[in-house]
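Let's take a walk through a protein fold together. Have a look at the picture first, and then we'll go through it piece by piece.

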Amino acid sequence: TCCAPCCGELIQTLKASNIKLTLFFYNPNIHPIKEYELRKLENIRYAEKNDIEFIDADYDTDQWFKRIEGLENEPERGERCTKCFDLRFERTALYAKENGFSVFTSSLGISRWKDFNQINESGNRAANRYKSITYWTYNWRKKGGAERMYKIAKEESFYKQEYCGCVYSLRDTNKWRKKSNRKTINFGNEFYNN
């Protein structure tokens, strides 16, 4: 899971289908730490509300910066994002392998800001490292999933992040906002409202 707004629809759909799930939170890309903690706590709150196990993986920022070194100026949806997804999915697949899970998927693909194919390619690469693991490429945006995502986010008054999560996305979003005469990001102040 990347954030509560994106995983809300997945949780509801999987629970309604009687699919047992566990949330795995490994997001060393999220900066600064205040933003990371806000997103993690929203995930924990929603997992607890729905009686779902939540796995809090390491905040391994050194590994993340090492992985994307040299890609700091790549655009959103570029090679930097691919390397970021690869790192996060590799860690997820390893956890799945070590803990007896046979399938994993991601909430990343529900966001309209992400490239669905790029995400699935990273997920499949990670799963292919282990013959007993499958990455589920289901398109959570379809059949009203994206609309339900926003509806659930409003009902739950989830924290509303204003950028992808990484320090470079933050930099680029604030550059765009300044050019557009908009306020720069103010952490912890935006929530989905009913």
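Follow the protein chain along its sequence and you'll meet the pattern α-β-α-β-α-α-β-α-β-α-α. That comes to seven helices and four strands, where helices (H or I, at least four residues) and strands (E, at least two) are DSSP runs numbered from the N terminus. The radius of gyration is 16 Å, close to the 16 Å that the globule rule gives for 194 residues, so the protein chain is as compact as a globular protein of that length. Here the radius is taken over C-alpha atoms, and the rule is 2.2 Å times the number of residues to the power 0.38.

A quick word on the background: this is a predicted model, in which local features need pLDDT of at least 70, side-chain atom pairs count only at pLDDT 80 or more, and totals for chains, interfaces and linings use all residues. Residues are numbered from 1 along each chain as its sequence is written, and side-chain values use heavy atoms, leaving out hydrogens and water.

Now look inside. Buried residues make up 50% of the 194 residues; buried means under 20% relative accessible area, exposed over 50% and partly exposed in between, using a 1.4 Å probe and protein chains only.

How many disulfides are there? The count is zero, taking a disulfide as a pair of cysteine sulfur atoms within 2.5 Å. For C6, the nearest cysteine sulfur is that of C3, 3.5 Å away. C6 counts as buried because its relative accessibility is 9%. As for C81, its sulfur is 5.7 Å from the closest cysteine sulfur, in C164, which is too far for a bond. C81 is buried too, at 7% relative accessibility.
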